[in-house]
Amino acid sequence: RHDPQGGAHFLEDESTKNFARKVADHYSARSNQTLEEREASPIIHLKKLNNWIKSVLIQLYARRGDAVLDLACGKGGDLIKWDKAKIGYYVGIDIAEGSIKDCRTRYNGDADHHQRRKKFTFPARLICGDCYEVRLDKVLADDAPFDICSCQFALHYSWSTEARARQALANVSALLRPGGIFIGTMPDANVIVKKLKEAEGLTFGNSVYWVRFDEEFSEKKFKSSSPFGIKYTFHLEDAVDCPEWIVPFHVFKSLAEEYDFELVFAKNSHEFVHEYMKKPEFVELMRRLGALGDGNQDHSTLSADEWEAAYLYMSFVLRKRGQPDKS
Ligand code: SAM
């Protein structure tokens with residue numbers, strides 16, 4: 001295969017590793033919040049909205065008994081969602097040692113800071129590793145194939161180089177069964193680029209977030225077939241402060257097709273909310289989570305700045321080609 005890094009191979013490799021470490025250290029250092037701290041967060045409703053989006057995706061696509069691969073699982077914030085879907089098995093992987101440690105604590109049921117709850121009903125394996133650097137097919141040979149893979153708010157960390165973006169997709173493709181589902185959320189590159197163009201200079205944001213590009217944005221690179229390594233810094237109040245990479249969706253879709261995926265849908269978070277808030281069961285879920293007040297679409301409890309930050313994200317669903325085994 002063509003080496004996307006060409007002559008600057010060594011330098012690129014080193015800085016890519018440094019950035020991956022920076023991302024890992026950032027997430028590792030984020031300590032668990034108490035329930036009170038969480039409720040006082042300036043982005044509490046955005047967090048709840050994002051939890052609602054992830055819950056809807058899980059409820060739409062997970063089936064009872066499914067084997068689940070959670071790439072970049074973080075502290076295990078989705079464990080309860082998977083439990084509600086009555087899955088049969090869970091493998092979570094994350095690059096941040098601190099997050100995997102918290103995830104293990106949460107899975108084991110002790111010191112769960114959000115709620116006292118019964119043990120999870122599914123067995124789980126939790127691993128610390130770089131899902132975009134390492135071939136996972138051998139590591140997880142005994143756990144595969146998976147019915148569903150989830151990568152929430154994390155796939156964009158693979159777009160620092162073409163090799164990593166490909167490794168991410170190759171891993172998911174190799175581990176999913178034919179007909180298996182890949183769900184995820186990530187920044188919406190079209191929105192970020194549109195906002196950058198509207199901004200004066202290389203930065204934009206509001207009271208809850210800012211985005212800063214270090215270099216002049218290259219439209220040519222963004223529109224090319226090789227738009228990897230388009231870096232910006234993302235700051236989300238009380239949550240993120242990290243180097244991130246643009247994922248132009250049209251290239252993501254065609255790269256995914258190379259790895260045997262077909263697109264089921266892709267939607268910006270605003271569109272996602274409007275579409276699934278038409279369904280009573282998801283309105284009820286929103287009410288219970290408390291992201292949008294009484295479940296009206298007036299975003300009454302979500303601030304305008306949080307709603308604008310929500311617009312920076314999108315969800316996608318891909319299906320691995322082929323027919324599931326009948327047996
Ligand atoms: N998926 C979790 C959730 O939705 O709650 C965590 C999302 S958090 C915004 C992003 C996560 O991606 C962090 O836990 C971070 O450590 C993880 N991550 C970033 N780069 C990664 C990599 N190369 N391999 C595995 N995990 C990675």
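# Briefing: backbone oddities, rings, core and polar spots

D260 sits in the loop between helix 10 (249-258) and strand 10. Its phi is near 70°, a positive value in a residue other than glycine. Keep in mind that this is a predicted model. Beyond that loop, there are 23 aromatic pairs, a nonpolar core of 104 residues and zero disulfides to look at.

**Backbone oddities**

- Most residues other than glycine have a negative phi, and most peptide bonds are trans.
- D260 counts as partly exposed, because its relative accessibility is 37% and the partly exposed class runs from 20% to 50%.
- D238 is another non-glycine residue with a positive phi, near 65°. Look for D238 in the loop between strand 8 (231-236) and strand 9 (240-245).
- With a relative accessibility of 24%, D238 is partly exposed too.
- The peptide bond between A144 and P145 is cis, with omega at about 0°. P145 belongs to the loop between helix 6 (136-139) and strand 4.

**Aromatic pairs**

- The total for the structure comes to 23 aromatic pairs.
- Why is the pair Y27 and Y157 edge-to-face? The ring planes stand at 75° to each other, over the 60° cut-off, so the pair gets that label, with the centres 6.0 Å apart.
- This pair ties together distant parts of the chain, 130 residues apart. Y27 is in helix 1 (residues 9-29), while Y157 is in the loop between strand 4 (146-152) and helix 7 (162-175).
- The two partners fall into separate burial classes: Y27 is partly exposed at 24% relative accessibility, whereas Y157 is buried at 8%.
- F204 and Y209 make another edge-to-face pair, with 6.3 Å from centre to centre and 75° between the planes. Both F204 and Y209 are buried.
- W52, Y61, F265, F272, Y276 and F282 join up into one aromatic cluster.

**Around K267**

- Where does K267 sit relative to the ring of F265? K267 is over the face of F265, 4.6 Å from the ring centre, and F265 is itself a member of the aromatic cluster.
- K267 is part of strand 10 (residues 261-268).
- Is K267 buried or exposed? K267 counts as buried, because its relative accessible area of 10% is under the 20% cut-off.
- The K267 side chain also has a polar contact of 3.2 Å with the side chain of E275.
- Leaving out neighbours within four places in sequence, the residues in contact with K267 are F272, E275, Y276, M314 and S315. F272 and Y276 also show up in the aromatic cluster.

**Nonpolar core**

- The largest nonpolar core holds 104 residues. Those with the most contacts inside this core are L49, W52, W82, F182, F213 and F252.
- Which helix gives the core its largest share? That's helix 3 (residues 44-61), with eight residues.
- W52 does double duty: it is on the most-contacts list for the core and in the aromatic cluster.
- F252 touches L155, W159, L169, M186, V247, F316 and L318, leaving aside residues up to four places away in sequence.

**Around N51**

- N51 lies in helix 3, the helix that gives the core its largest share.
- N51 is buried, with a relative accessible area of 18%.
- The side chains of N51 and K81 are joined by a polar contact of 2.7 Å.
- Not counting residues up to four places away in sequence, N51 is in contact with R38, D78, K81 and L289.

**Cysteines**

- How many disulfides turn up in a search of the whole structure? The search finds zero.
- Why is there no bond between C131 and C151? The sulfur of C151 is the closest cysteine sulfur to that of C131, but at 7.0 Å it is too far for a bond, because a disulfide needs the sulfurs within 2.5 Å.
- C131 is buried, at 4% relative accessibility.
- C242 is in no disulfide either, and its nearest cysteine sulfur, that of C151, is 14 Å away. C242 is buried as well, with a relative accessible area of 1%.

Definitions and conventions:
Residues are numbered from 1 along each chain as its sequence is written. This is a predicted model: local features need pLDDT of at least 70, side-chain atom pairs count only at pLDDT 80 or more; totals for chains, interfaces and linings use all residues. Side-chain values use heavy atoms; hydrogens and water are left out. Rings of Phe, Tyr and Trp (its six-membered ring) pair if their centres lie within 6.5 Å; planes under 30 degrees apart count as stacked, over 60 as edge-to-face and the rest as tilted. Helices (H or I, at least four residues) and strands (E, at least two) are DSSP runs, numbered from the N terminus. Buried means under 20% relative accessible area, exposed over 50%, partly exposed in between (1.4 Å probe, protein chains only). A charge sits over a ring if NZ of Lys or CZ of Arg is within 6 Å of the ring centre and within 35 degrees of the ring normal. A nonpolar core is a set of buried Ala, Val, Leu, Ile, Met, Phe, Trp, Tyr and Cys residues joined through side-chain atoms within 4.5 Å. Contact means heavy atoms within 4.5 Å. A polar contact is a pair of N or O atoms within 3.5 Å; within protein, one must be able to donate a hydrogen and the other to accept it, and residues adjacent in sequence count only if both atoms are side-chain atoms.
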